Each structure stands twice: as structure tokens, then as C-alpha cells.
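Biologist: I'd like to learn how to read a model like this one. Can you walk me through it, one feature at a time?

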Amino acid sequence: MRWLLRKCTVCGRYTLREDRCPLCGGRVVVPHPPRFSPEDKYVAYRYTMKKLAGLLEGGGG
Ligand SMILES: [Zn+2]
């Protein structure tokens, strides 16, 4: 099921409109945070390891 509820970032009112707030015309966003994805941890981990590896390779000598 698709989440239809949106929240205005300007006035904070909830609306079902997807494009803009019917009250003030402000931008609307999905009020609940995006679902946590476990991949993010791996991406951050790999990024850190890559960075460390680069530092070790570059700093050796
Ligand atoms: Zn609004």
C-alpha cells in the first residue's frame, strides 16, 4: 500500500496532495522517515575501508 499522507514543510499541515500544500502552496514531504536499509551500513563500511586502504597505501614508505 502506498503512503498517501504528505506534510507541508511550510505550515506543517497534513494533506493528501502530492505536489504542494493546498493551504499555503508550500512543498510537501512524506512525514515518516524512509525505511532503514541495511545496505547503508555496508556502503559506509566499504567507504571507510576504502579510505583507510588509500591512506595506508599513500602514507607508506
Ligand atoms: Zn502549507
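Modeller: Sure, elements come first: helices (H or I, at least four residues) and strands (E, at least two) are DSSP runs, numbered from the N terminus. With that in hand, Val30 is found in the loop between β3 and α1. Keep in mind that this is a predicted model, where local features need pLDDT of at least 70 and side-chain atom pairs count only at pLDDT 80 or more, while totals for chains, interfaces and linings use all residues. Residues are numbered from 1 along each chain as its sequence is written.

Biologist: What pattern does the protein chain follow along the sequence?

Modeller: The pattern reads β-β-β-α, so to speak three strands and one helix.

Biologist: How are the strands ordered in the sheet?

Modeller: In general, strands of a sheet pair through backbone hydrogen bonds, either parallel or antiparallel. Here, two strands count as paired if DSSP finds at least two bridges between them. The three strands form an open sheet in the order β2-β1-β3, with antiparallel pairing. β2 and β3 are the edge strands, each pairing on one side only. Strand β1 (residues 6-8) pairs with β3 over two bridges, in the antiparallel sense, and Lys7 stands opposite Val29 in β3.

Biologist: Is Val30 buried or exposed?

Modeller: The rule counts other C-beta atoms, placed from the backbone, within 10 Å of a residue's own: 20 or more is buried, 12 or fewer is exposed, and in between is partly exposed. Val30 is exposed because it has 12 such atoms within 10 Å. Cys24 has 13, so Cys24 is partly exposed. Across the protein chain, buried residues make up 7% of the 61 residues.

Biologist: Which residues is Cys24 in contact with, leaving aside its neighbours within four places in sequence?

Modeller: A contact means two C-beta atoms, placed from the backbone, within 7 Å. By that test, Cys24 touches Cys8, Val10 and Cys11. Cys24 itself is found in the loop between β2 (14-15) and β3 (28-29).

Biologist: Which element has the lowest mean pLDDT?

Modeller: pLDDT is the predictor's confidence in each residue, from 0 to 100. Where it is low, the predicted coordinates should not be read in detail. Helix α1 (residues 39-59) has the lowest mean, 78, and β1 the highest, 94. The protein chain averages 82, and 79% of the residues score at least 70.
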